[in-house]
Amino acid sequence: MSNEKDTNDPADADAPDPSDDASERDDGVPAREGDDPVEDRPSSVEDRSDPGEGDGGRPTDGTEGHTTDADEGVSSDDGTTSDDEATVEDGSEVSTNDSIWDDDVVIKDPEEGAVAESNGAAAEGPVEEGAENEEPAENEEDLDIEDLGSTVEVEGAEIADDPDPDDLLGGLKIDTTSEIEIPDRLVDQVIGQEHARDVIIKAAKQRRHVMMIGSPGTGKSMLAKAMSELLPKEELQDVLVYHNPDDGNKPKVRTVPAGKGEQIVDAHKEEARKRNQMRSLLMWIIIAVVLGYALIIVGQILLGIIAAGIVYLVFRYLNRGSDAMVPNLLVNNGDTKSAPFRDATGAHAGALLGDVRHDPFQSGGMETPSHDRVEAGAIHKANKGVLFIDEINTLDIRSQQHLMTAIQEGEFAITGQSERSSGAMVQTEPVPTDFVMIAAGNLDAMENMHPALRSRVKGYGYEVYMEDTIEDTPEMRRQYVRFIAQEVANDGRLPEFTGEAIEEVILEAKRRSGRKGHLTLHFRNLGGLVRVAGDIARGEDADFTTRDHVLQAKGRSRSIEQQLADDFIERRKDYELQVSEGYVVGRVNGLAVMGEDSGIMLPVMAEVAPSQGPGEVIATGQLKEMAKESVSNVSAIIKKFSDENISEMDIHIQFVQAGQQGVDGDSASITVATAVISALEDVGVDQSLAMTGSLSVRGDVLPVGGVTHKIEAAAKAGCTRVIIPQANEQDVMIEEEYEEMVEVIPVSHISEVLDIALEGEPEKDSLVSRLKSITGSALKDQGVSKPSSPSPQ
């Protein structure tokens, strides 16, 4: 649609020829493709025809929302003409030569004589003393996107020339976080997501859409807000909706530079007030004449009162028509300091796409004009800015389709969203929706996302995967120190953190990464630990947050899953369901994770019984697909090594007290294999031992996830030894209190697991030797085969 003045605002004859080539609007905003050049013309509010009083002789070109040149003045009811001056509510006069419709409006302050141009341009000649000048722009270097790089240094503190690799502060010589300077820009506060940060900077420069996929709490919304700071604010616009005298259900739309919308509305209100005053004065004069005539000449006072009442109602109705001419300021960016940022996560259709309010009074002169009932949606308020939608797959298909249209066309008309509402009959002209969309979500967001919408994001933008961890380097440790300083500064109520407290938080970041030599990028959860520690220190009226406060916070900020896991362990001890000593045939202490940061011990039992038909493997415990597949893989090994004919046997496998959530993943593969082999061979399993690990059909032990939390859960349950995959040995970062309680044994083959777990030397040696010879792996003589391309499960 065009950004020209609409049919309510005719141009004068002095307007420049529209055929002239104009690449920019006179307000400094680059013209969008397909827009007509904005005409630089003076006009006042009275220069427009009054749509409430008819067409007023407006010549139109037949296209809605576009204007043609007209220079004739239009008289209004109260006798005021288009040559009068329009007065704004604050008392400043807007001359007809420099109108509020023009991009170079000059508003004079009668008290100070200050002159300020609405477009921010400097007036010609020297500025008088006391003149209001536009605030100086920010440092141009700060606003240059080209100068931004992917490396953000920590400033405000001295850094050692050759940092010690074991220094958790990365060589920073600080005592507290107060010595760290916090960057002003949000994009400079982003830590760890270097690739995503660079993409956001490029996308802001080129106005590209971005889809960010990753785990919650990794910085997606922060990057979206950072983009809004990088977009130019000079392009912002106000959007006005006008009454359409030809068809009230098709309001007209006009866009003006940001800040002019309020001036236009105020001027319309002032004109409406003037007309109402004139009509009120005329009404009281007529009423006085009618009453005087009825009382003095006719002598019928009752007839005079009735006539006066009729006159009053007529004038009240005419006043309503005058008020209806005030436009509706749909989008107001007058006070916006940066490009708009609109979070439309979970928004319903009306909030996202705009709506038209229902009007219960649709006739009899009591109805509200349709243009006054129009409400902007997030896509319209985000014009020239950023529209952020997290969990985009939760939007219904219809909303995604409309969103796709808004992205493609750059404009979207507003209509009532409810079919039963009177607003369903109203549809405005297209409203600008020239926004940059940032869609975010978890990995499952791509499954339910409309394929055409994703295609538009890919075709006109970038797709970014948000990392969960980052390599642990001195530079990154310094940035984590700054992260803690940022959390303290943003909260505003937390005591500064000491150096030891910072080190403990970074140690927790290493633990939560689940990988040796890495730090977690789940900053929301890590920030929660910082805030809890600060709250504890503040509750004690401490001057600083110390290491002891962080240690207390680690206990208090446990997740629901951690609390449930600890409760399960205690309950099993009470009912003697937890066995941590002796040998039991067919029973193995397996390990599992709940959520992302808690472990639990999950016993697995196996029993072999004669089959009534073909033998089968029966597993219970709410097993999910991956767990069922792991049991099938284990059965292949059992069939290969066993001397007995298991085709005539049923193998029953039970995951004891797995709960309603069931068992997923294949990290219990070696547990199931050990339990079944123990039951087949009637050899006991050490109950002071717990284990976790995936298993290949060749008997190789593959890495799994969450080993640190699983080891801690085994220690809490009373186990003294834990078997883990050798590939996970580097990922173990258990708390100091558990290091003396449990011995961690890394293995790479099922034969090693059986050698450690089973009792009875002669039977065990025979069994292990037979398994080695069948699988082709030798524990000591030939060495253990290493799994190829393992990936944590």
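Two strands are said to pair if DSSP finds at least two bridges between them, where strands (E, at least two residues) and helices (H or I, at least four residues) are DSSP runs numbered from the N terminus. The structure is a predicted model, in which local features need pLDDT of at least 70 and side-chain atom pairs count only at pLDDT 80 or more, while totals for chains, interfaces and linings use all residues. Residues are numbered from 1 along each chain as its sequence is written, and side-chain values use heavy atoms, with hydrogens and water left out.

The chain contains 20 helices and 33 strands, and of its 793 residues 49% count as buried, that is, under 20% relative accessible area with a 1.4 Å probe, protein chains only.

To see how some of these strands come together, turn to an open sheet of three strands, which has the order β9-β8-β10 with antiparallel pairing. Because β9 (252–257) and β10 (328–331) stand at the edges, each with a single partner strand, one side of each is left without a neighbour in the sheet. Neighbouring strands here are turned by 35° against each other on average, direction ignored; the axes behind such angles are lines fitted to C-alpha atoms, for helices over the stretch in contact, and angles run from 0 to 180 degrees between N-to-C directions.

Strand β8, residues 237–242, pairs with β9 in the antiparallel sense over six bridges, and Val241 has Val253 in β9 as its bridge partner.

Across β8, β9 and β10 lies helix α4, residues 260–298, which runs at about 30° to β8.

Key
Contact means heavy atoms within 4.5 Å. Buried means under 20% relative accessible area, exposed over 50%, partly exposed in between (1.4 Å probe, protein chains only).
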